[in-house]
Amino acid sequence: QVQLVESGGGLVQAGGSLRLSCAVSGTIFSIHTMGWYRQAPGKQRELVADISSGGSTNYADSVKGRFTISRDNAKNTVYLQMNSLKVEDTAVYYCRSLTRGSWGQGTQVTVSS
């Protein structure tokens, strides 16, 4: 059974930074394409960034140049470094295995003005 556990969310001022982590267990992590999604109140869940097993990355236009997705296969963990945060980045952030379709429970990110 694949399990994903996010951490690292919190409250930060606009312009600040946070790093989210997602620890994955119950599977061979290195073969998974992983993604970070977010869902703001009243909005649909959207893909923020993804990273393939080979390390190729894709980003939503809204976060390009500010967010960086990375992975550490030795630690079975995927990260989302978020810099220059904006109020509109406020959302619950979810980790997902795009290979298996499994979701984490989410972590709240709140950016204050």
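In which strand is threonine 77 found? In this predicted model, threonine 77 belongs to strand 8, which covers residues 77–82, and the description below begins with the chain as a whole before returning to this residue and its surroundings.

The chain contains ten strands and zero helices, so that the elements, read from the N terminus, follow the order β-β-β-β-β-β-β-β-β-β. The radius of gyration is 13 Å, close to the 13 Å given by the globule rule for 113 residues, and the chain is therefore as compact as a globular protein of that length. Along the principal axes, the C-alpha atoms fill a box of roughly 40 × 25 × 25 Å. Of the 113 residues, 42% count as buried, while the chain exposes about 5700 Å², of which carbon and sulfur atoms supply 45%. Among the contacts with a separation of 6 or more, 54% are accounted for by residues 24 or more positions apart.

One open sheet is formed by four strands in the order 1-3-8-7, with antiparallel pairing. Strand 1 (3–7) and strand 7 stand at its edges, and because each has a single partner strand, one side of each is left without a neighbour in the sheet. The twist from one strand to the next averages 15 degrees. Within this sheet, strand 7 and strand 8 run antiparallel and are joined by six bridges, with arginine 71 standing opposite valine 78 in strand 8.

Threonine 77 is buried, because its relative accessible area of 8% falls below the 20% limit. A polar atom of its side chain lies 2.8 Å from the backbone oxygen of lysine 75. When neighbours within four places in sequence are left aside, the contacts of threonine 77 comprise Ser21, Cys22, Ala23, Phe29, Ser70, Arg71 and Asp72. One of these partners, serine 21, lies in strand 3 (residues 18–25) and is likewise classed as buried, with a relative accessible area of 16%. Beyond four places in sequence, serine 21 is in contact with Val5, Glu6 and Ser7, with Trp36, and with Thr77, Val78 and Tyr79.

Two residues in the loops that flank strand 8 have positive phi values although neither is a glycine. Asparagine 76, with a phi of about 55 degrees, is found in the loop between strand 7 (67–72) and strand 8, and its relative accessibility of 26% places it in the partly exposed class. Serine 84, with a phi of about 50 degrees, is found in the loop between strand 8 and strand 9 (91–97), and serine 84 also counts as partly exposed, at a relative accessibility of 41%.

A further open sheet is formed by six strands in the order 2-10-9-4-5-6, and the pairing here is mixed. Its edge strands are strand 2 (10–13) and strand 6 (57–59), each of which pairs on one side only. Neighbouring strands of this sheet are turned against each other by 25 degrees on average, direction ignored. Strand 4 (residues 34–39) pairs with strand 5 (residues 46–51) in the antiparallel sense over five bridges, and tyrosine 37 has leucine 47 as its bridge partner in strand 5.

Arginine 38 is found in strand 4 and counts as buried, because its relative accessibility of 7% is under 20%. The side chain of arginine 38 takes part in a polar contact of 2.9 Å with the side chain of aspartate 89, and in another of 3.0 Å with that of tyrosine 93. Arginine 38 and tyrosine 93 are 55 residues apart in sequence, yet their C-alpha atoms are 4.3 Å apart in space. Neighbours within four places in sequence again being left aside, arginine 38 is in contact with Gln44, Arg45, Glu46, Val48, Ser62, Val63, Phe67, Asp89, Ala91, Val92 and Tyr93.

Conventions
Residues numbered from 1 in each chain as written. Predicted model: local features only at pLDDT ≥ 70, side-chain atom pairs only at ≥ 80, totals over all residues. Heavy atoms only, no water. Helix = DSSP H or I, 4+ residues; strand = E, 2+ residues; numbered from the N terminus. Buried < 20%, exposed > 50% of the residue type's maximum accessible area, 1.4 Å probe, protein only. Polar contact = N/O pair within 3.5 Å; in protein donor to acceptor, adjacent residues only side chain to side chain. Contact = heavy atoms within 4.5 Å. Pairing = 2+ DSSP bridges. Axes fitted to C-alpha atoms, helices over the stretch in contact; angles between N-to-C directions. Rg over C-alpha atoms; globule rule 2.2 N^0.38 Å. Areas by Shrake-Rupley, 256 points an atom, 1.4 Å probe, with all protein chains shown as cover.
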